[in-house]
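Me: I am new to this structure and would like to be led through it step by step. Could you begin with a term that I will need, and then take my questions in turn?

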Amino acid sequence: MKKLLFLLTLSLFSCQKQVECNPKEFKTGTFRFEQVVNGKKEITLFTRTENLQIETYHERTDTASVRWVNDYEFILQKLKPRNRAEKKAISMRILSTKGKTYTFEYSFVGESKKQMGTVTKTN
């Protein structure tokens, strides 16, 4: 009976679709992030090196330090915050990858409310 249960469990898990995930391909490069804000499509362009992320949104450029926790997670901290909200670090976690895109979740460090997004590598 135990063998039958084991084989049934094994067959169920072996049939699951595997999620592609190659996070190392997205540690550096040039990227595009699209999101809908108040019914309008907004685009953020950014370049990431091992230690920095430089992004442009609404013709405003910001630079943040990048600290990789592991291959899937990193922390962004703005270098020159303009207000208290910008002083908060952002935790980013790559959930899956497919071709030139990755899906991620993010939140302010220490907060439980998470949001998700998809980024496309442009180079």
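Reply: Before the strands are discussed, one term has to be settled: two strands are said to pair if DSSP finds at least two bridges between them. Please keep in mind throughout that this is a predicted model. With that rule in hand, β1 and β8 count as paired, because at least two bridges are needed and the two strands, which run antiparallel, are joined by three bridges.

Me: Which elements make up the secondary structure of the protein chain, and in what order do they run from the N terminus on?

Reply: The protein chain has one helix and eight strands as its secondary structure. Read from the N terminus on, the order of these elements is α-β-β-β-β-β-β-β-β.

Me: In what order do the eight strands close into a barrel?

Reply: The pairing of the strands is antiparallel, and neighbouring strands of this sheet are turned by 35° against each other on average, when direction is ignored. Within the barrel, β7 and β8 pair over six bridges, while three bridges join β1 to β8. The order in which the eight strands close is β1-β2-β3-β4-β5-β6-β7-β8.

Me: Which residue of β8 is the bridge partner of R32?

Reply: Several residues have their bridge partners in β8, and they can be taken one by one. Y106 is partnered there by Q115, and F33 is partnered by V119. For R32, the bridge partner in β8 is T120.

Me: Which residue takes a positive phi in the hairpin of β7 and β8?

Reply: β7 and β8 pair in the antiparallel sense, and their hairpin has six residues between the strands. The residue that takes a positive phi, near 90°, in this hairpin is G110.

Me: What is the volume of the largest pocket, and which strand gives the largest share of its lining?

Reply: The largest pocket has a volume of about 890 Å³. Among the 32 residues that line it, those closest to its centre are Q35, E55, K78, I90 and Y106. Each of the strands β1, β2, β3, β4, β5, β6, β7 and β8 supplies at least two residues of this lining, but the largest share, which is five residues, comes from β7.

Me: How many residues of the lining of the largest pocket are charged?

Reply: The lining can be divided by residue class, and in that division 15 residues are nonpolar and eight are polar. The number that are charged is nine.

Me: Is D62, which forms a salt bridge with R60, buried or exposed?

Reply: In the salt bridge between R60 and D62, the closest N and O atoms are 3.4 Å apart. R60 counts as partly exposed, since its relative accessibility is 34%. D62 has a relative accessible area of 11%, and because buried means under 20%, this residue is classed as buried.

Me: How far apart in sequence are the parts that R93 and E105 tie together?

Reply: R93 and E105 form a salt bridge in which the closest N and O atoms are 3.8 Å apart. Because R93 lies in strand β6 and E105 in strand β7, the parts that the pair ties together are separated in sequence by twelve residues.

Me: Which of these two residues, R93 or E105, counts as buried?

Reply: R93 has a relative accessibility of 35% and so counts as partly exposed. At 16% relative accessibility, the residue that counts as buried is E105.

Me: What is the N to O distance in the salt bridge of E34 and R32?

Reply: E34 is partly exposed, with a relative accessible area of 35%, and R32 is likewise partly exposed, at 29% relative accessibility. The side chains of these two residues meet in a salt bridge, and the distance from N to O is 2.8 Å.

Me: How many salt bridges does the count come to?

Reply: The pairs discussed above include E34 with R32, R60 with D62 and R93 with E105. The whole count of salt bridges comes to twelve.

Me: What is the separation of the C-alpha atoms of R48 and A64?

Reply: R48 is found in strand β2 and counts as buried, since its relative accessibility is 2%. R48 and A64 are 16 residues apart along the chain, and their C-alpha atoms are separated by 9.4 Å.

Terms used
Residues are numbered from 1 along each chain as its sequence is written. This is a predicted model: local features need pLDDT of at least 70, side-chain atom pairs count only at pLDDT 80 or more; totals for chains, interfaces and linings use all residues. Side-chain values use heavy atoms; hydrogens and water are left out. On a 1 Å grid over the protein atoms alone, a cavity is a set of points where a 1.4 Å probe fits but cannot get out, and a pocket is an open set with protein on both sides within 12 Å along at least five of seven lines; lining residues have an atom within 4 Å of a point. Grid points are joined across faces, edges and corners, and a volume is the space filled by probe spheres set on the points. Helices (H or I, at least four residues) and strands (E, at least two) are DSSP runs, numbered from the N terminus. Ala, Val, Leu, Ile, Met, Phe, Trp, Tyr, Cys and Pro count as nonpolar, Asp, Glu, Lys and Arg as charged, and the others, Gly among them, as polar. Axes are lines fitted to C-alpha atoms, for helices over the stretch in contact, and angles run from 0 to 180 degrees between N-to-C directions. A salt bridge is a side-chain nitrogen of Lys or Arg within 4 Å of a carboxyl oxygen of Asp or Glu. Buried means under 20% relative accessible area, exposed over 50%, partly exposed in between (1.4 Å probe, protein chains only).
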